[in-house]
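Good morning, and thank you for making time for this item. I should like to take you through one structure, beginning with a single pair of residues and working outwards. Please have the sequence and the coordinates open as I speak.

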Amino acid sequence: MNPIHRRQFIKHLGLSAAALPFLMGLPSLGLASPARPRQRLIIMFSPNGTIPPAFWPDEEGRDFKLKEIMTSLEPFKDQMLVLHGLSNKVRGDGDGHMRGMSCLLTGIELFPGNIQGGSDTPAGWASGISIDQEIRKFFQSKEETRTRFGSLEFGVGVTDRADPWTRMSYAGPNKPVAPVSDPYQMYQKLYGQLKDKESLRSVLDDVRDDLKKVRKLISADDRRLLEDHETLVRQMEKEIGEAERQKLRVGPPSLEEGVADQNDNVPRLSRMQIDLLVNSFVNDMARVATLQYTKSVGQARMNWLGITDGHHGLSHEPDKNEEALAKLIKINQWFAGELNYLLQRLATTPEPGDAGSLLDHTLVVWTNELGKGNSHTLDNIPFVLAGGGFGFQMGRSLKLDKVPHNRLHLALAHAVGHRIETFGKPALCEGGPLSLS
């Protein structure tokens, strides 16, 4: 029903307008809102800033040309939105890399902490949820968009170290979400069969009863920690049930065997992770994913490109060092090539049960923690959007004037129907969602 018909309906029955929201979900009245097309979000991260003259288009609007870093993305130019002028304006504790990484998707300050970086103050984890997890939480709150995992966090070449340089996804304040860098581990998570389910259920029953007994004997602070443990128990129980019910539309991809999670295997690990990500979307295991390449201050050595210098070290070289500049352009071209592979896989995979491809229903956001490596600037953070499903007007290059990136996150939330008024630091949301439609 359109709004006029709805008003006529409630007037005819002598109902107040206040009753309408409570009646909207009752299909027998014919008032249920039409189902939204399936929407998905992927956030892809590459580190250490970009090379602005080789990255940003000179033109604004539809008639723009891709610079040398992004030339491999030419087939998807009409489905791209290049956003120049978005800035991470979050200040407070931590160095530029730390705030660049852990405030990138949260848009809020880091907690005080004892992790020292650069010459700035030490800091801890981010003090708020990240936009990928906020949208995950929104999707999981509704039956029609709920999936087995909600979100999946893929890593490529991310070290085992855990600190604000290595985490961009947060389930809440002080709750970093670790990406899974080993594709075999991710495969097991997605497709592995839980063994001895009845025995595990019994253990969980015992744990649940024990936690209830302990609850009465501990302090309020400890009870909050206990609630986290109880949440984990519930998640494990849910995983058992959902693993049993999951029916795969498409079988899992075949992974090359014996590829160790180490620097020189990054190209093969990248393709394995992308294939797993796409397959998880086809099977509707999640509708939100992150794909994190190395980490902030990442010192990956791109030996497969003939570059033996560490990436972070190169990014600190002055602009006049033409040899370092050429290597950095080559590194960023490689990241763009991996994005191209992801977009190709999405574009050539039909959308299950609907028209078009996965890409038509998926928005991919490629970003970075810095605007430029050697200056550590948090202005002009790279944000390149590609794909469909969010209602944005694609095929454009936009030039903004140091707009807080919180407003982009608000736009992402609103595009999936999550009408929050602020995200991250409220003061950085002035002006509301970035207008991209």
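Let us begin with leucine 81, which stands opposite leucine 385 in β8. I should say at once that this is a predicted model. The pair belongs to a junction in which four bridges join strand β2, residues 80–87, to strand β8, residues 383–387. These two strands run antiparallel. In general, the strands of a sheet pair through backbone hydrogen bonds, in either a parallel or an antiparallel manner.

Where does that junction sit in the sheet as a whole? The sheet is open and is formed by seven strands, in the order β3-β6-β1-β7-β8-β2-β9. Its pairing is mixed. At the edges stand β3, residues 150–156, and β9, residues 396–404. Each of these has a single partner strand, so one side of each is left without a neighbour in the sheet. Direction ignored, neighbouring strands of this sheet are turned by 15 degrees against each other on average.

A helix also belongs in this picture. Helix α11, residues 322–347, packs on the sheet and touches β1 (40–45), β6 (286–293), β7 (362–367) and β8. The direction of α11 makes about 175 degrees with that of β7.

I return to β8 for one further residue, valine 384, which has its place in that strand. Is valine 384 buried or exposed? Its relative accessible area is 2%, and because buried means under 20%, valine 384 counts as buried. Leaving aside neighbours within four places in sequence, its contacts include Met80, Leu81 and Val82. Valine 384 is also in contact with Val364, Val365 and Trp366, as well as with Phe55 and Met70. Asparagine 368 is 16 residues from valine 384 along the chain, and the C-alpha atoms of the two are separated by 9.9 Å.

Now to the edge strand β3. Seven bridges join β3 to β6, and the two run parallel. Within that pairing, glutamate 153 has threonine 290 of β6 as its bridge partner. How much of β3 is covered? The strand is mostly covered, with seven of its seven residues buried.

Next, the helices. Helix α9, residues 266–282, packs with α11 at an angle of about 30 degrees, and their axes are 10 Å apart. Angles under 35 degrees count as roughly parallel, and α9 and α11 are therefore roughly parallel to each other. Their crossing is right-handed. From α9, the contact is made by Val266, Pro267, Ser270, Arg271, Ile274, Asp275 and Val278. From α11, the residues are Trp334, Gly337, Glu338, Tyr341, Leu342, Arg345 and Leu346. The residues of this contact divide into eight nonpolar, two polar and four charged.

Helix α5, residues 131–140, is mostly covered as well, with eight of its 10 residues buried. Among the buried residues of α5 are Ile131, Ile135, Phe138 and Phe139, together with Asp132 and Glu134.

Ile131 leads us to histidine 409, since the residues that histidine 409 touches include Ile131. Histidine 409 lies in helix α12, residues 406–415. It is buried, with a relative accessible area of 1%. Not counting residues up to four places away in sequence, histidine 409 also touches Leu104, Leu105 and Phe423.

Two asparagines deserve comment for their backbone. Most residues other than glycine have a negative phi. Asparagine 48, although not a glycine, has a positive phi of about 70 degrees. For asparagine 174, phi is near 65 degrees, again a positive value in a residue other than glycine. Where are these two found? Asparagine 48 is in the loop between β1 and α3, the latter spanning 52–55. Asparagine 174 is in the loop between β4 (170–172) and β5 (175–176). Asparagine 48 counts as buried at 2% relative accessibility, whereas asparagine 174 counts as partly exposed at 45%.

I close with the protein as a whole. It has 12 helices and nine strands. Buried residues make up 52% of its 437 residues. Among contacts between residues at least 6 apart in sequence, 69% join residues at least 24 apart.

How values were computed: Residues numbered from 1 in each chain as written. Predicted model: local features only at pLDDT ≥ 70, side-chain atom pairs only at ≥ 80, totals over all residues. Heavy atoms only, no water. Buried < 20%, exposed > 50% of the residue type's maximum accessible area, 1.4 Å probe, protein only. Contact = heavy atoms within 4.5 Å. Pairing = 2+ DSSP bridges. Axes fitted to C-alpha atoms, helices over the stretch in contact; angles between N-to-C directions. Parallel < 35°, antiparallel > 145°, perpendicular 65-115°, else oblique. Left-handed = near helix turned anticlockwise from the far one by under 90°. Nonpolar A, V, L, I, M, F, W, Y, C, P; charged D, E, K, R; others polar.
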